[in-house]
Every structure is written in structure tokens, then in C-alpha cells.
Amino acid sequence: MTKNSDDRQSTSASEVAPVSSPASLPNVPQIIVQMPPQPGLLKSALVRLLIPILILSLLLNYSLLQQNSNSDSGPQEAFVSGDDGAKERIAIIDVSGTIMPPFTSRIIEAVEHATDDDDVKGVILAIDSPGGFVADSHQIYHRLLKLAEKKPVYVSMKRIAASGGVYVAMGIGESGKIFAEPTTWTGSIGVIIPRYDLSGLAAKFGVASDSLTTGPFKDSLNPLRPMRDDERVVWDAIMDDSFDRFVEIVATGRKGLDEATVREKLATGQIFTANQALANGLIDAIAFEEEVVETLQKDLALEKVRVIRYQFPATLLDVLMGSAESQDPDVYWRKAMEATVPRAMYYCSWLPAL
């Protein structure tokens, strides 16, 4: 009796005894108790978060100071050739790519810097551009005229110096000289306002324009419908104004060319090779940039000269802002909206708006 009772007690004890390996009992729920984070771990995580923010803040402040310093002192000068110890300088100003903001302001700043610097005895305008906006081209041309009143300005045309590139070149005045490389393309004198007639495509897909306007010409460049005759008259007048100004500055800027000749032979939108440009009086000679430098130095009667190039290196703020802008979806929306804005352009292309 006692033995059976002991056996039952032993069996009961083994059934309720804790199991050392819960994994062997899959049906038994496991309870995991998460300990509260230690104060030391919180402090460590906070420090790791704040350090990058502090470094970024210091870099931004340094970049702002650097940018303000650069803007006060003007463009930076990079040595190109000649005597590095010479006081007298020949400055090279680059006009590269499409003539448009923000590059316009930097070109103008370089022109004004060369105008005010008495040690700069002459300037070479190195043009490698298909042109750009009408207003920007004229702004640069206007400042170049003031520079040319104080010191000689020569032009060195590179791969392409067309349309607006020709326009700004005329700012060197009658005393200046224009050179082009043997393979340069120039010319394309004229005005373009990009427009695309998508009305046929829109009709095919059942899309119609229904803009709400306050006047008959408010949406006159709407690509979803054909342009009316009265709208074309309005835009022709706008283009003629810019075109007449272009013809006038070429006739004024080039010796031996009158307005009638420019209109008849040159202002057709045609691209000219360097040899054709020379034959038509658009340029003075065919030469590379280093030869233009030698010619200008000889004309200035300078035995020793330091040739420098104005540069605007990207600051850290430019890089950071560019990176932030690329991550901003509103930027793409703004650019898409700006692409629809009508712009008169001195440009060597039929598709600039896209």
C-alpha cells in the first residue's frame, strides 16, 4: 500500500516537474521577457545620431563662408601659360554650353572682373556654345561692349559657336578679332521659339485642350491644337524684333558687312564651317586658342605675360544643394512646368524645349 502510494507520488512529481528544454515541447508557448534598454545604450545611440548632424552643420557653415569669400573676391584665376611671375595678364573667359542661368551671371561676373582689373591687359573669349536664350545672350553682349571700350577682346571659337555664340562674339567691338578652329561650326543666325503640334495625336486618343483664359492669345502656343493665323502674326512680330536686333549687331560688329548682306547671305539659320565663315567675313582668321594668345600678346606688345583662366569651382554647398535638389520630387515638377514656357532663343537646335 505504501509502495503504490510512493509510486503515484513519484509519477505526479515527474509530470509537473519543469522541463529543462522547452524546444522539445512545441505545443508549450514560450514567454520572452524583454529587458528595458539600459541608459548607457540610449546615450550611445544618441551620440551616434548627433555626430553626423554636427559634422554636416560644420561643413555647411564652412561652405557658406567659402562661397561668400569667393563671391567677394570674384572668380578664381587658374594659370594657363606664359610667365607665372608676370604682373600683366591675359584673361580667358569661357562661354560654354547653353547660354542660360545660372551660367549667365558667372560669365558676366568674369567680364566685369576683367574690366575692373588694371593688370588684365587683354581678354580672350573662348566660345564653345550652340547659343541660348535671347535675353541672356544680350546681357553678356552688353557687358562685353563695356569691356571692349577699355581693353582689347579677342574671340577663340571652339567646336561650335553658333547663334547666341555668334551674338555674344559681336560684343568685342570693331577693334576685336574673331578666330575659329579649323573644325569650328558657326553661324545659325536667327531666332527659334520651340513649338510642337500634337493636335493630330491628341485627336487620335480623344484628348482635347480646354484651357480657361482671359484673352484669345493666352494659350496661343498650346500644342494640343493648331495655331491660328492671328496668333502666328503675334509671334512673328516678337521673333522679328529679336531677329532684327541680331542682324543689326552682326552688321555693326563686323567690318565690311552691311545689314542687307547679313540678311541675304548670313541670317538664314545656316551653319557655316570655319572656311565658309572666313570667306563670308564672320571671322578674321583660323587659329587655335594658343595661337590667339600669341597674337593678342604680340598686339599688346607685352614681352612677358601671365595667361590665366577664370574659373568658378563648385563649392561644397553647390554639391550638397544639388544632391538635395535631385531628391526633391517638386524639382522635376517645376522643370516640367518650365519646359512649357515660351522662350525666344538664339539657338542651334530645333528641339531645345525637351
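Which residues of the largest nonpolar core touch the most other members? Ile93 and Val250 do, in a core of 51 residues. The legends below describe close-up views of a predicted model.

**View 1. Ile93 and Val250 in the largest nonpolar core.** Nonpolar side chains tend to be buried together in soluble globular proteins. Here the largest such core holds 51 residues. Val250 is in contact with Val166, Met170 and Ile189. Leu257, Val262 and Leu282 are also in contact with Val250. This list leaves aside neighbours within four places in sequence.

**View 2. A second, separate nonpolar core.** This core has 13 residues. Phe179, Val293, Leu302 and Val305 are among them.

**View 3. The aromatic pair of Tyr141 and Tyr167.** A search of the whole structure gives 3 aromatic pairs. In one of them, Tyr141 and Tyr167 meet edge-to-face. Their ring centres are 5.5 Å apart, and the planes make an angle of 70 degrees. Tyr141 belongs to helix α4 (residues 134–148), and Tyr167 to helix α5 (residues 164–169). The pair links distant parts of the chain, 26 residues apart. Tyr141 has a relative accessible area of 10%, so it counts as buried, the cut-off being under 20%. Tyr167 is buried as well, at 0% relative accessibility.

**View 4. The aromatic pair of Tyr167 and Phe246.** These two rings are also edge-to-face. The distance is 5.1 Å centre to centre, with 65 degrees between the planes. Tyr167 sits in helix α5 and Phe246 in helix α7, so the pair ties together parts 79 residues apart in sequence. Phe246 is buried, with 0% relative accessibility.

**View 5. One aromatic cluster of Tyr141, Tyr167 and Phe246.** Tyr167 pairs with Tyr141. Tyr167 also pairs with Phe246. Together, the three residues form one cluster.

**View 6. A nonpolar patch on the surface.** Leu198, Leu201, Phe205 and Val207 make up this patch. Together they have about 390 Å² of accessible area. Val207 is in the loop between α6 (199–204) and α7 (229–253). Is Val207 buried, partly exposed or exposed? Val207 is partly exposed, because its relative accessibility of 44% falls between the cut-offs of 20% and 50%.

Terms used
Residues numbered from 1 in each chain as written. Predicted model: local features only at pLDDT ≥ 70, side-chain atom pairs only at ≥ 80, totals over all residues. Heavy atoms only, no water. Patch = residues over 30% accessible without salt bridge, like charges linked within 9 Å, V, L, I, M, F, W, Y side chains within 5 Å. Areas by Shrake-Rupley, 256 points an atom, 1.4 Å probe, with all protein chains shown as cover. Salt bridge = Lys/Arg side-chain N within 4 Å of Asp/Glu carboxyl O. Helix = DSSP H or I, 4+ residues; strand = E, 2+ residues; numbered from the N terminus. Buried < 20%, exposed > 50% of the residue type's maximum accessible area, 1.4 Å probe, protein only. Phe/Tyr/Trp six-rings, centres within 6.5 Å; stacked < 30°, edge-to-face > 60°. Core = buried A, V, L, I, M, F, W, Y, C linked by side-chain atoms within 4.5 Å. Contact = heavy atoms within 4.5 Å.
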